[in-house]
Structure formats: C-alpha cells, structure tokens
Amino acid sequence: MSNTSVEYNEDEFLPIGSVVLLKGGNKRIMICGRIQAQAGSDIIYDYSACYYPEGIVDPQSMFFFNRDAIETVYFRGYEDQDELDYRHDVLDQLGELEIRDGMIVSKGG
C-alpha cells in the first residue's frame with residue numbers, strides 16, 4: 001500500500017472516486033456516494049464507499065461513515081466544474097437532515 005497521501009480539509013466533501021483509509025482500518029476504500037443512509041436505518045452518513053480496488057462486489061460490503069472517520073486520503077476523485085457546482089449548490093447548502101418515509105429530507109421541510 002502506498003504511503004502517499006493528499007491534503008484533506010474535513011470541512012469539505014471529497015469527490016466521488018476518492019480513495020481513503022478509515023481510522024482503525026487496514027484496507028483502502030473508494031467513496032461512491034455522499035449523504036447516504038443504510039437501508040432500514042435512520043442514520044445519515046456523509047459517505048458510502050466500497051473496497052478498493054475491488055469495487056462494489058456485494059451490497060453487504062458497503063461502508064457508511066462520516067468525515068471524522070477518515071484517517072488518510074490517498075487519492076482525490078475527479079473534480080471538474082460540475083463537481084464544484086454540485087458541492088456548492090447542493091452539498092454545502094444541506095443544513096440539518098432527517099429520514100422521512102425512507103427519503104433523506106431537510107429537517108422540518
């Protein structure tokens with residue numbers, strides 16, 4: 001495993017495709033979703049991820065975690081203007097969220 005890491009600002013969402021190691025982890029994972037909830041759970045996580053380099057081999061092997069669980073960022077996913085606009089227009093404006101009728105929605109909305 002490469003020891004090369006990239007800078008990471010915990011206040012910002014990482015792009016899809018970023019490869020990270022979680023605190024206490026021993027295998028890298030790749031971010032494949034943001035603002036996610038496990039089926040049947042009322043907990044909303046910052047990220048979902050799959051094993052790297054294997055990818056999604058089974059829905060049961062998905063990881064759900066928040067930004068503070070990231071120990072090391074090895075690769076930052078692709079960022080173009082669409083990604084930057086999405087982060088600015090959607091992710092940075094989320095506010096407090098909850099799960100209602102199986103959907104992630106704004107609290108009180």
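**A chat about Val20, the sheet and Ser18**

Q: Which residues does Val20 touch, not counting residues up to four places away in sequence?
A: In this predicted model, Val20 touches Leu14, Arg28, Ile29, Ile31, Phe65, Ile70, Thr72, Val73 and Tyr74, once residues up to four places away in sequence are set aside.

Q: And which residues of the largest nonpolar core touch the most other members?
A: Val20 is one of them, together with Leu14, Tyr47, Phe65 and Ile70. The core has 13 residues.

Q: Which strands each supply at least two residues of this core?
A: Strands E1, E2 (29-37), E3 (44-51) and E5 each do so. Strand E2 gives the most, namely three residues. As a general point, nonpolar side chains tend to be buried together in soluble globular proteins.

Q: Turning to the sheet, what order do the strands have?
A: The sheet is open and has five strands, in the order E4-E3-E2-E1-E5, and the pairing is antiparallel. Strand E4 (63-65) and strand E5 (70-75) are the edge strands, each pairing on one side only. From one strand to the next, the twist averages 40°.

Q: How many bridges do E1 and E5 pair over?
A: E1 and E5 pair over four bridges, in the antiparallel sense. For Leu22, the bridge partner in E5 is Ile70, a residue that also belongs to the core group named above.

Q: A different topic: where is the place of Ser18?
A: Ser18 sits in the segment before E1.

Q: Is Ser18 buried or exposed, and why?
A: Ser18 counts as buried because its relative accessible area is 0%, and the cut-off for buried is under 20%.

Q: What lies 2.8 Å from a polar atom of the side chain of Ser18?
A: That is the backbone oxygen of Pro15. The side chain of Ser18 also reaches the backbone nitrogen of Gly77, at 2.9 Å.

Q: Leaving aside neighbours within four places in sequence, which residues is Ser18 in contact with?
A: With those neighbours left out, Ser18 is in contact with Ile29, Met30, Ile31, Phe75, Arg76 and Gly77. Ile29 and Ile31 are also among the residues that Val20 touches.

Q: One last matter: what is the mean pLDDT of the protein?
A: The mean pLDDT is 86, and 86% of the residues reach 70 or more.

Q: Which elements have the lowest and the highest mean pLDDT?
A: Strand E6 (residues 97-100) has the lowest, at 64, while strand E1 (residues 19-22) has the highest, at 97.

Key: Residues are numbered from 1 along each chain as its sequence is written. This is a predicted model: local features need pLDDT of at least 70, side-chain atom pairs count only at pLDDT 80 or more; totals for chains, interfaces and linings use all residues. Side-chain values use heavy atoms; hydrogens and water are left out. pLDDT is the predictor's confidence in each residue, from 0 to 100. Two strands pair if DSSP finds at least two bridges between them. Axes are lines fitted to C-alpha atoms, for helices over the stretch in contact, and angles run from 0 to 180 degrees between N-to-C directions. A nonpolar core is a set of buried Ala, Val, Leu, Ile, Met, Phe, Trp, Tyr and Cys residues joined through side-chain atoms within 4.5 Å. Buried means under 20% relative accessible area, exposed over 50%, partly exposed in between (1.4 Å probe, protein chains only). Contact means heavy atoms within 4.5 Å. A polar contact is a pair of N or O atoms within 3.5 Å; within protein, one must be able to donate a hydrogen and the other to accept it, and residues adjacent in sequence count only if both atoms are side-chain atoms.
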